[in-house]
Amino acid sequence: MDFLINPPTIIWYYLVVNTLSLSLYAWDKSCAIFKWRRISERNLHLSAILGGGLGALAGQLLFRHKIRKPSLIFVAMLSLIVHASVISIT
């Protein structure tokens, strides 16, 4: 169980989750442009809650996507604060 809490594992986890979250926003923006089937807001919320808050915020700003949705901004910010707090405690 100790291997789950070591710093390299935590760093890799957050790199992967934030990259995935950023990629989801990029893909959803492309889908919006080409009028393809979109990624649900529930899945965008989930990617932020699992630790991808920074990737979600970056995706919103970089792609100017979902910036008028207060719930997505709120969940991403809250996730970022909660995960940063948990990391700083451990």
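**Exercise 1. Find where Lys35 sits, and say what is odd about its backbone and whether its side is buried or exposed.**

Step 1: place it. Lys35 lies in the loop between α1 and α2. Helices here are DSSP runs (H or I, at least four residues; strands are E, at least two), numbered from the N terminus. You're looking at a predicted model, where local features need pLDDT of at least 70 and side-chain atom pairs count only at pLDDT 80 or more, while totals for chains, interfaces and linings use all residues. Residues are numbered from 1 along each chain as its sequence is written, and side-chain values use heavy atoms, with hydrogens and water left out.

Step 2: check phi. Lys35 isn't a glycine, yet its phi is positive, about 60°.

Step 3: check accessibility. Lys35 has a relative accessible area of 73%, so it is exposed. The cut-offs: buried is under 20% relative accessible area, exposed is over 50%, and partly exposed is in between (1.4 Å probe, protein chains only).

**Exercise 2. Work out which residues form the aromatic cluster, and how the rings are arranged.**

Step 1: know what to look at. A pair of aromatic rings is described by the distance of the centres and the angle of the planes. Rings of Phe, Tyr and Trp (its six-membered ring) pair if their centres lie within 6.5 Å; planes under 30 degrees apart are stacked, over 60 edge-to-face, and the rest tilted.

Step 2: go through the pairs. The structure holds three aromatic pairs. One of them is Trp27 with Trp36: the centres are 6.1 Å apart and the planes sit at 40°, so this pair is tilted. Phe34 and Trp36 make a stacked pair, 5.0 Å centre to centre with 25° between the planes.

Step 3: join them up. Trp27, Phe34 and Trp36 form one aromatic cluster. Trp27 has 48% relative accessibility and so counts as partly exposed; Trp36, at 47%, is partly exposed too.

**Exercise 3. Which residue does Asp28 meet in a salt bridge, and how exposed is each partner?**

Step 1: recall the idea. Side chains of opposite charge can pair when their charged atoms come close. The cut-off for a salt bridge is a side-chain nitrogen of Lys or Arg within 4 Å of a carboxyl oxygen of Asp or Glu.

Step 2: find the partner. The side chain of Asp28 meets that of Arg38, at 3.1 Å from N to O. This pair links distant parts of the chain, since Asp28 is in helix α1 and Arg38 in the loop between α1 and α2, ten residues apart.

Step 3: compare the surroundings. Asp28 is buried, with 0% relative accessibility, whereas Arg38 is partly exposed at 39%.

**Exercise 4. Trace the salt-bridge network around Glu41.**

Step 1: take Lys66. Glu41 forms a salt bridge with Lys66, with the closest N and O atoms 3.5 Å apart. Glu41 lies in helix α2 and Lys66 in the loop between α2 and α3, so the pair ties together parts that are 25 residues apart in sequence.

Step 2: take Lys69. The side chains of Lys69 and Glu41 also meet in a salt bridge, 3.1 Å from N to O. Lys69 belongs to the loop between α2 and α3, and 28 residues separate the two partners.

Step 3: put them together. Shared partners join Glu41, Lys66 and Lys69 into one network. For accessibility, Glu41 is partly exposed at 26%, Lys66 is buried at 15% and Lys69 is partly exposed at 36%.

**Exercise 5. Why do the ends of α2 lie only 18 Å apart, and what packs around this helix?**

Step 1: compare spans. Helix α2 (residues 41–62) has 22 residues, but its end C-alpha atoms are only 18 Å apart, short of the 32 Å a straight helix would reach. That expected span is 1.5 Å times one less than the number of residues.

Step 2: look for a bend. α2 bends by about 130° at Gly52; the bend is the angle between axes fitted to the seven residues ending there and the seven starting there.

Step 3: list the surroundings. Buried residues of α2 include Leu44, Gly52 and Leu57, and their cover includes α1 (7–34) and α3 (70–89). From helix α3, Leu80 is in contact (heavy atoms within 4.5 Å) with Gly53, Leu54 and Leu57, leaving aside its neighbours within four places in sequence.
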